[in-house]
Amino acid sequence: MSTSTDESAMSGKRALLLAAGDQVAIVLESVSANDNVDVRDQGNTIRLIASESIQRFHKIALVDLLVGDPVVRDGYVIGVVTRAVHAGEWVHIHNLKSQRA
């Protein structure tokens, strides 16, 4: 993962960080494996490489997560990881157990 502050350097697919401290971002357009994904974070840009295809408006991991780790989105714990997840992977029901039910 790299960080850039130059807005003109953004050339990857876009993703949105909803709150500081989140471990996932929301991709704003569908991405394919090996696509660059640029995540805006309070004026900085975090660049990830997607490790798999991720549908528009789904979550991409910003950091590596271990089994049992809580996942924070929009400042709230939304669930726990059920298998190891690496930065750049899709986070969804196949590797996340919701805290809602």
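**Exercise 1. Find which residues Gln23 is in contact with, leaving aside its neighbours within four places in sequence.**

*Solution.* Start by locating the residue: Gln23 sits in the loop between β2 (13–16) and β3 (24–27). Strands here are DSSP runs (E, at least two residues), and helices are runs of H or I with at least four, both numbered from the N terminus. Next, look for contacts, meaning heavy atoms within 4.5 Å. Beyond its sequence neighbours, Gln23 touches Ile60, Ala61, Leu62, Val63, Leu65, Pro70, Val71 and Val72. Finally, check the polar side: the Gln23 side chain reaches the backbone nitrogen of Val72 at 2.8 Å. A polar contact is a pair of N or O atoms within 3.5 Å; within protein, one must be able to donate a hydrogen and the other to accept it, and residues adjacent in sequence count only if both atoms are side-chain atoms.

A note before you go on: this is a predicted model, where local features need pLDDT of at least 70 and side-chain atom pairs count only at pLDDT 80 or more, while totals for chains, interfaces and linings use all residues. Residues are numbered from 1 along each chain as its sequence is written, and side-chain values use heavy atoms, with hydrogens and water left out.

**Exercise 2. Work out the order of the strands in the open sheet of 3 strands.**

*Solution.* Begin with Val72, whose bridge partner in β8 is Val77. In total, 4 bridges join β7 to β8 in an antiparallel pairing; two strands pair if DSSP finds at least two bridges between them. These two strands make a hairpin with 2 residues between them, and Asp74 in the turn has a positive phi of about 60°. Now move to the next partner: β8 (residues 76–81) pairs with β10 over 3 bridges, again antiparallel, and Gly79 has Ser98 as its bridge partner. The order is therefore β7-β8-β10, with β7 (70–73) and β10 (96–98) at the edges, each having a single partner strand, so one side of each lacks a neighbour in the sheet.

**Exercise 3. Describe the hairpin that β4 and β5 form.**

*Solution.* First count the bridges: β4 (residues 36–41) and β5 (residues 44–49) pair antiparallel over 6 bridges. Then pick one pair, Val39 with Ile46 in β5. Last, inspect the turn: 2 residues lie between the strands, and Gln42 there has a positive phi of about 45°.
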